[in-house]
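Please open the model in your viewer and keep the selection tool at hand, for this tour moves from one selection to the next and says at each stop what is to be found there.

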Amino acid sequence: MQTLVLFVFVSIVANSFCFGQGIGGQPPIVEGPPCIVQLTEFRMKKSPNIDQLSIEIEKSFDEMKVSGEIEIIETIQISVLPGFESMLQIGKMATVTTGVTSSPNKAPSRHTQQQSIGTLVRLTAEPRDGKTQLGLTYESSRFDREGTVDSPPDTNTFTVNTTMLISPSKTTLVGGSSVGSSTFLAVSMKQATLTAKE
């Protein structure tokens, strides 16, 4: 599975994929330096113990990646300023087959439609007594298997909408499911390093 890593700095970049604006449309109040939030969508190679997974992720997420216990599906890094909302959207329109019509003395007619797949992230961050309160919306959709000549591919969707407190430099499990090939989402954060120009 291909891993995509994106770096988006809302203090520098403003385009159709990423923007910063005040929360609720109000003028932003910047209360601290920008931070880099990393979101990792992954699958477990074996059925996890849900009661222990959040503890294992926090303590040894990097080691689990190296050992091959988890399969990384996508990794996104996005910069967010306190008082601003950051948004990132990556995707494409794919043509999928929905069916085939056959009739006597005519070649089969294939029916298709356009399907949108990709990832959408919205983030807010506010300092809270040494931690950071994240407002996170994460939506992803991707094909689980290839389609056939007369049917569309299966599509997996994963949506998280939550507000949570996280500690700097600690990986936190946001959510997921152990059913089938369902995925999990982990988040970590660090302060961005800004270098002043002379």
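Begin by selecting Ser79, which is found in strand β4; helices (H or I, at least four residues) and strands (E, at least two) are DSSP runs, numbered from the N terminus. Is Ser79 buried or exposed? With a relative accessible area of 1%, Ser79 is buried, where buried means under 20% relative accessible area, exposed means over 50%, and partly exposed lies in between, using a 1.4 Å probe and protein chains only. If you now add Ala125 to the selection, you have a residue 46 residues away along the chain, and the C-alpha atoms of Ser79 and Ala125 are separated by 10.0 Å.

Before going further, keep in mind that this is a predicted model, in which local features need pLDDT of at least 70 and side-chain atom pairs count only at pLDDT 80 or more, while totals for chains, interfaces and linings use all residues. Residues are numbered from 1 along each chain as its sequence is written, and side-chain values use heavy atoms, with hydrogens and water left out.

**The whole chain**

Colour the chain by secondary structure, and you should be able to follow 1 helix and 10 strands, which run β-β-β-α-β-β-β-β-β-β-β from the N terminus on. Of the 198 residues in the chain, 39% are buried. Among the contacts (heavy atoms within 4.5 Å) with a separation of 6 or more, 65% are made by residues 24 or more positions apart.

**Two hairpins**

Next select strand β5 (residues 84-103) and strand β6 (residues 106-128), which run antiparallel and are joined by 17 bridges; two strands are said to pair if DSSP finds at least two bridges between them. To see one such partnership, pick Gln89, whose bridge partner in β6 is Leu120. The hairpin of β5 and β6 has 2 residues between the strands, and here Asn105 takes a positive phi near 65°.

Keep β6 selected and add β7, which runs antiparallel to β6 and is joined to β6 by 11 bridges. Within this pair, Leu123 stands opposite Leu136 in β7. What does the turn of this hairpin hold? There are 2 residues between β6 and β7, and Asp129 in the turn has a positive phi of about 50°.

**Salt bridges**

Now show the side chains of Glu41 and Arg142, which form a salt bridge with their closest N and O atoms 2.9 Å apart; a salt bridge is a side-chain nitrogen of Lys or Arg within 4 Å of a carboxyl oxygen of Asp or Glu. This pair links distant parts of the chain, since Glu41 lies in strand β3 (residues 35-44) and Arg142 in strand β7 (residues 131-143), 101 residues apart. Glu41 counts as buried at 2% relative accessibility, and Arg142 also counts as buried, at 16%.

Add Glu74, which forms a salt bridge with Arg142 at 3.0 Å between the closest N and O atoms. Because Glu74 lies in strand β4 (residues 70-80) and Arg142 in strand β7, this pair ties together parts that are 68 residues apart in sequence. Glu74 is buried, with a relative accessible area of 6%, and salt bridges that share partners join Glu41, Glu74 and Arg142 into one network.

For another stop, select Lys170 and Glu58, whose salt bridge has its closest N and O atoms 3.8 Å apart. Lys170 lies in the loop between β8 (155-166) and β9 (172-176) and Glu58 in helix α1 (residues 50-67), so this pair ties together parts that are 112 residues apart in sequence. Lys170 is partly exposed at 40% relative accessible area, and Glu58 is partly exposed at 41%. A search of the whole structure finds 6 salt bridges.

**The nonpolar cores**

Finally, select Val37, Leu39, Leu134, Leu136, Tyr138, Leu185 and Val187, which have the most contacts inside the largest nonpolar core, a group of 21 residues. A nonpolar core is a set of buried Ala, Val, Leu, Ile, Met, Phe, Trp, Tyr and Cys residues joined through side-chain atoms within 4.5 Å. At least two residues of this core come from each of β3, β4, β6, β7, β8 and β10 (184-191), and β8 gives the largest share, 4 residues. Apart from this core lies another, of 10 residues, among them Met44, Met64, Ile72 and Phe184.
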